[in-house]
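Visitor: I am new to this structure and should like to be guided through it by questions and answers.
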Amino acid sequence: MEGKRYAVLLCAEDSEYVRKKYGGYFGVFIRMLAEEGETWDVYKVVSGEFPEDDGGLDLYDGFVITGSCNDAHGNDAWIHRLIALIRKLHSMKKKILGICFGHQILCRALGGKVSRSPTGWDIGVRIITLKTSSPSVMLPSKLSVIQCHRDEVWEVPAKAEVIGWSEKTAIEMFKLGDHIMGIQGHPEYNIDILFHLIDRLVQRHLILEAYGVEARAKVMLTEPDREAWKKICTSFLKTRL
């Protein structure tokens, strides 16, 4: 019996550090999600590389949309092409897991609203309250996850269900049917990757150096629940929720 096949839709350019240490962001996701017997492909959609629309999508059991430095509410050509792909996959009821930017672009593509957070950047480890009463999702009541974003979902698509929130962000996690799930945080990141991103944000003058120092210090106070998030993500993609 042939193993399942999945695709990562890569929405960010790899930094040299992440590429050398982790094999790029694709390697980061493979470490979290891949299991024996599966095939995983990557499409650098940020560079205009997309899966074939004519029969190629049928090859896959599920898709993962990654984070990005771009805005999910932006108008880049590749973003509009990704929106069209999401709508196609949704019509096919293909499993789609969206992370950070992926979470936001899923909402935009399917009728929700995304914009800048009125409270600014969220960088660090944040505790998420999870809805445990949903019959289709078995979740603990609270989990900590790494965050690094300044945009957020303001409104989920019609018929979608908010299943996670925090004191800073009202829509940390959502599901639509049994085939779409978005997570605002980064379950795939470790502390090393977050520190690297903080340094890059400071270097690019997107955050103040003092904010970066404070964010680094706060990160050390709470450990992200990486194994629990891994179980949630793999179970969703592989129909074990």
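The following exchange concerns a predicted model and takes up its sheet, its helices and several single residues.

Visitor: In what order do the nine strands of the open sheet stand?
Guide: The pairing in this sheet is mixed. Neighbouring strands are turned by 25° against each other on average, direction ignored. The order of the nine strands is β2-β1-β3-β4-β11-β10-β9-β6-β7.

Visitor: Which strands stand at the edges of this sheet?
Guide: An edge strand has a single partner strand, so one side of it is left without a neighbour in the sheet. Two strands are placed in this way, one with residues 39-43 and the other with residues 142-149. They are β2 and β7.

Visitor: In which sense do β3 and β4 pair, parallel or antiparallel?
Guide: Strands of a sheet pair through backbone hydrogen bonds, either parallel or antiparallel. Strand β3 covers residues 62-65 and strand β4 covers residues 95-99, with four bridges between them. Phe63 stands opposite Ile96 in β4. The sense of the β3 and β4 pair is parallel.

Visitor: Which residue of β11 is the bridge partner of Met173?
Guide: Strands β10 and β11 pair in the antiparallel sense over four bridges. On the β4 side, four bridges join β4 to β11, and these two strands run parallel; there, Ile99 stands opposite Ile183. The bridge partner of Met173 in β11 is likewise Ile183.

Visitor: Which residue in the hairpin of β10 and β11 takes a positive phi?
Guide: The hairpin has three residues between its strands. The positive phi found there lies near 60°. The residue that takes it is Gly177.

Visitor: Are the residues on the two faces of β11 buried or exposed?
Guide: On one side of β11 are Ile180 and Gly182, and on the other are Met181 and Ile183. Both faces of the strand are covered. These four residues are all buried.

Visitor: What angle does the direction of α7 make with that of β4?
Guide: Helix α7, residues 226-237, packs on the sheet. Among the strands that α7 touches are β1, β2, β3 and β4. The angle between the directions of α7 and β4 is about 150°.

Visitor: How are α2 and α7 oriented to each other?
Guide: The axes of helix α2, residues 24-33, and α7 come within 9 Å and cross at roughly 85°. Arg31, Met32 and Leu33 in α2 meet Lys230, Cys233, Thr234 and Leu237 in α7. By class, this contact has four nonpolar, one polar and two charged residues. Given the crossing angle, α2 and α7 are therefore roughly perpendicular.

Visitor: How are α5 and α6 oriented to each other?
Guide: Helix α5, residues 191-203, and helix α6, residues 209-219, have axes that come within 9 Å and cross at roughly 170°. The contact includes Ile191 and Leu194 of α5 and Gly212 and Ala215 of α6. Its residues, by class, are seven nonpolar, one polar and three charged. From the crossing angle, α5 and α6 are therefore roughly antiparallel.

Visitor: At what angle does α5 run to β7?
Guide: Helix α5 lies across two strands of the sheet, β6 and β7. The angle at which α5 runs to β7 is about 30°.

Visitor: Is Ser144 buried or exposed?
Guide: Ser144 is placed in strand β7. Residues that Ser144 touches include Val125, Arg126, Thr222 and Trp229. Its relative accessible area is 4%, under the 20% limit, so Ser144 is buried.

Visitor: Is Lys20 buried or exposed?
Guide: Lys20 is found in helix α1, residues 16-22. The relative accessible area of Lys20 is 67%, and the cut-off is over 50%, so Lys20 is exposed.

Visitor: How many residues of α4 are buried?
Guide: Helix α4 covers residues 101-109 and is mostly covered. Among its buried residues are Phe101, His103, Leu106 and Cys107. Gly111, with a positive phi near 110°, follows the helix. Of the nine residues in α4, the buried ones number eight.

Visitor: How many disulfides does a search of the whole structure find?
Guide: Cys11 is in no disulfide, as the nearest cysteine sulfur, that of Cys100, is 10 Å away. The sulfur of Cys148 is 7.1 Å from the closest cysteine sulfur, in Cys100, which is too far for a bond. The number of disulfides found is zero.

Definitions and conventions. Residues numbered from 1 in each chain as written. Predicted model: local features only at pLDDT ≥ 70, side-chain atom pairs only at ≥ 80, totals over all residues. Heavy atoms only, no water. Disulfide = S-S within 2.5 Å. Axes fitted to C-alpha atoms, helices over the stretch in contact; angles between N-to-C directions. Parallel < 35°, antiparallel > 145°, perpendicular 65-115°, else oblique. Contact = heavy atoms within 4.5 Å. Nonpolar A, V, L, I, M, F, W, Y, C, P; charged D, E, K, R; others polar. Pairing = 2+ DSSP bridges. Buried < 20%, exposed > 50% of the residue type's maximum accessible area, 1.4 Å probe, protein only. Lists of a residue's contacts leave out its neighbours within four places in sequence.
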